[in-house]
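Biologist: Before I rely on the descriptive terms applied to a model, I should like to see each one justified. Could you take me through them?

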Amino acid sequence: MAADNISVLKLHDVLLVTVPPDPDDPTVTALQEKILQAMMRHDARALVLDISTVQTLDSFFARIVSETVQMAALMGGRTVVAGMKPNVAVIATQLGLTLGQAETALDVDRAFDLLRMPAPAPLPAKRLES
Amino acid sequence: MTKQIPPIADSKAWRGYDHQPTRGELQITSESDIVVARQAIRQVCATLNFGLTDVTRIVTAASELTRNIYQYAGCGVMRWRALVEGAKTGLEVTFEDNGPGIPDVEQALERGFSTSRGMGLGLPGAKRLMDEMTVQSTAGKGTIVQIRKWVK
């Protein structure tokens with residue numbers, strides 16, 4: 001699996017990134033780079049990370065996502081992580097994983113709705129305690 | 001490139017793997033084997049009547065522990081076997097390497113402790129996700145981590 005089968009779509013000033021279902025570590029790392037490059041190239045204001053097909057969210061994946069959110073924020077972009085599966089949410093909470101400053105939405109539609117509203121005041125990243 | 005995991009019933013396709021429906025093993029030698037390990041465990045779980053959330057727990061724990069092998073030891077092996085204990089059934093997965101070992105197992109099981117640039121959630125995380133976990137480690141000789149999950 002390589003970075004070229006990661007879909008990054010530009011919709012107005014929002015980037016929609018679909019994370020592949022079972023990415024290996026190099027793909028996850030490539031995803032981060034691809035997102036940041038695309039943000040700069042398209043002058044994007046926000047990023048929607050669609051993780052609805054992701055079945056395993058482990059600590060490595062969570063770290064790269066939260067780093068990407070932070071990097072995008074440094075570049076002035078807002079990130080919404082959309083579509084986390086219920087079972088993935090259970091495991092993420094048990095593991096104590098955090099997605100950093102990412103906003104979250106049930107699905108991509110809701111993520112776009114959320115982006116129409118003003119960004120919330122930045123909060124310190126919280127660790128989910130279970 | 002990712003190795004494709006053949007279907008469990010297709011035993012002839014399991015050339016590189018010593019595999020039967022109830023037990024098997026996978027050599028972990030590269031980064032892409034982490035994905036192969038996840039797929040293998042997912043397939044084994046599918047034959048054992050685990051619920052979706054438990055499958056995700058076991059697969060996530062396997063992902064963390066095979067990544068530990070790759071990161072700290074470079075290579076190792078993951079073995080699995082189905083468990084039957086009276087009316088209970090379950091799955092046991094063992095992760096073995098000949099790496100540097102863990103100097104202080106107690107400390108490694110604390111959340112947030114990491115000697116690499118990880119989040120320090122791998123080993124304690126795996127423990128929380130499973131019903132049982134044991135860690136045996138000898139400095140300079142290697143580490144064996146064994147996890148178990150019972151079908152609810």
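Modeller: Certainly; please bear in mind that this is a predicted model. Let us begin with helix 2 (residues 52–73) of chain B, whose 22 residues should span 32 Å at 1.5 Å a residue. The C-alpha atoms at its ends are 31 Å apart, which agrees with that expectation.

Biologist: What makes helix 2 of chain B "mostly covered"?

Modeller: A residue is buried if 20 or more other C-beta atoms lie within 10 Å of its own. In helix 2 of chain B, 17 of the 22 residues are buried. Just after this helix, B:G74 adopts a positive phi of about 90 degrees.

Biologist: Why does B:N49 count as exposed?

Modeller: The limit for an exposed residue is 12 or fewer neighbours. B:N49 has 10 C-beta neighbours inside 10 Å and therefore counts as exposed. It is found in the loop between helix 1 (33–46) and helix 2 of chain B, and its phi is near 65 degrees, a positive value in a residue other than glycine.

Biologist: Why are helix 3 of chain A and helix 4 of chain B called oblique to each other?

Modeller: The axes of helix 3 (residues 86–95) of chain A and helix 4 (residues 122–129) of chain B cross at roughly 125 degrees. Angles of 65 to 115 degrees count as roughly perpendicular and those over 145 as roughly antiparallel; the two helices are therefore oblique. Their crossing is right-handed.

Biologist: Which residues meet there?

Modeller: A:I91, A:Q94 and A:L95 meet B:G125, B:R128 and B:L129. These residues divide into 3 nonpolar, 2 polar and 1 charged.

Definitions and conventions:
Residues numbered from 1 in each chain as written. Chains lettered and ligands numbered in written order. Predicted model: local features only at pLDDT ≥ 70, side-chain atom pairs only at ≥ 80, totals over all residues. Axes fitted to C-alpha atoms, helices over the stretch in contact; angles between N-to-C directions. Helix = DSSP H or I, 4+ residues; strand = E, 2+ residues; numbered from the N terminus. Parallel < 35°, antiparallel > 145°, perpendicular 65-115°, else oblique. Left-handed = near helix turned anticlockwise from the far one by under 90°. Contact = placed C-beta atoms within 7 Å. Nonpolar A, V, L, I, M, F, W, Y, C, P; charged D, E, K, R; others polar. Expected span 1.5 Å × (residues − 1).
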